[in-house]
Amino acid sequence: MRVARIGVVFVMGIVAGLLVSGCRSCVDSAPAPTVAGPETPAVLAPLDGHLLFTVTGGALMDVELPAKAEKMIRLGEKQPVHAVAGPDGSGRIVIVVDEAPGHALKVLPLSGGPEKVVFARPGGTLWDHATGASIALAREGGNVALLEKTAGYQIAPEAYVEPGCLEVWNLDRGTGGPLGTDACLSVADRGLSFSTDGGTLAYVAYDPRETTATLPNSTGESVTAWATWKKLPVVHLYEFANKRDTAFAVGERPVLAEDGASVLLQDSHGSPVRIDRASKVVTHLGLPGETGFGVVAAVGDAILYQGFATAGAPRKTRPMSMGGTEDLHTVKVTRAGTNQFATIAEGVGIWSSVSFGRLKL
């Protein structure tokens, strides 16, 4: 969740929002937890692709796998990157940047070169609440989804949320706008994800609790942290070919697996689960040292996720604007059903935008 409005709501937006989302250690200066090693570098070997993440000042980093070759591909001093998605199969990246006097959606090649503006609009990303932090780019087909016109409200005494209007654009055609016939389909700023071919979009909406009873994880530990909420975050799957929208499961931060067979998401405690699309079987995932900020991608039996630093690694921090320090964490990869893991990138902050994509072979 991004910073909320000044005053009481400002505090609720940061503290309550982060705690409800499952963050394990966010707003104090005590050392964050670590995960016991040793790491298993071999789990990286079959995995190819590019991990993107923003760092202090809105700069954009790229880590090429499996070599873990890291480089800065965009400075952030003049136009900080607010959100990033991609790369897609052809090596394109989409970013949302602060661009005076407002913000812009841009596409740029992973290899460098000129940036192309998809659209530019008034309103800054942070204080004006013009756009959300959720963004997704399909590996194929050129579809990109993002939130505009976010507006916050208190969904429960302990939780402040900021849904926005969902828009879908196509980079190849250069066209886009609100999804569906509504001028604004209200969608939670809690993650977006495309299927590999771009034909299905996973998003989160706040649905009345009584409408979720038939979903595979609508009771028990999956929802206990949302006990006071009259509306629950529900992952929807929208299929573009037939314009069918299906409520799939209760949860947040959805990620469609690369093979399309399952959806990974978080329950009310921030714990990761995998749900099979056909059988609706729910599998709880043991991701070593996961932070509660969610899964980044699922490729075969490899799961990329945001994790705490490995025990013994130097503690990395940065100052927080409100005082104290923020522990920087990592992006890790594990193999499903094992305790083996390896660190892909370090220096990832709680406000970092993180994305993973693979180029076409």
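**Exercise 1.** Which residue lies over the face of Phe 119, and at what distance from the ring centre?

Solution. The model is predicted. In this model, Arg 121 is placed over the face of Phe 119, 3.9 Å from the ring centre.

**Exercise 2.** Classify the ring pair of Phe 119 and Trp 169, and locate both residues in the chain.

Solution.
1. A pair of aromatic rings is described by the centre distance and the angle of the planes.
2. For Phe 119 and Trp 169 the centres are 5.2 Å apart and the planes stand at 45 degrees, so the pair is tilted.
3. Phe 119 belongs to strand S7 (residues 116-122) and Trp 169 to strand S12 (residues 164-170); the two are 50 residues apart, and the pair links distant parts of the chain.
4. Phe 119 has 7% relative accessibility and counts as buried; Trp 169, at 11%, is buried.

**Exercise 3.** Classify the pair Trp 226 and Trp 229. Are these residues buried or exposed?

Solution.
1. The ring centres of Trp 226 and Trp 229 lie 5.8 Å apart with planes at 40 degrees, so this pair is tilted.
2. Trp 226 has a relative accessible area of 0% and is buried; Trp 229 is buried at 2%.

**Exercise 4.** Place Phe 194 in its ring cluster and in its sheet.

Solution.
1. Ring pairs join Phe 194, Tyr 238 and Phe 240 into a cluster.
2. Phe 194 stands opposite Leu 201 in S16. Strands S15 and S16 (residues 200-208) run antiparallel, joined by two bridges.
3. The open sheet has four strands in the order S15-S16-S17-S18, paired antiparallel.
4. S15 (193-194) and S18 (244-250) each have a single partner strand, so one side of each lacks a neighbour in the sheet.

Technical notes
Residues are numbered from 1 along each chain as its sequence is written. This is a predicted model: local features need pLDDT of at least 70, side-chain atom pairs count only at pLDDT 80 or more; totals for chains, interfaces and linings use all residues. Side-chain values use heavy atoms; hydrogens and water are left out. Two strands pair if DSSP finds at least two bridges between them. Rings of Phe, Tyr and Trp (its six-membered ring) pair if their centres lie within 6.5 Å; planes under 30 degrees apart count as stacked, over 60 as edge-to-face and the rest as tilted. Buried means under 20% relative accessible area, exposed over 50%, partly exposed in between (1.4 Å probe, protein chains only). A charge sits over a ring if NZ of Lys or CZ of Arg is within 6 Å of the ring centre and within 35 degrees of the ring normal.
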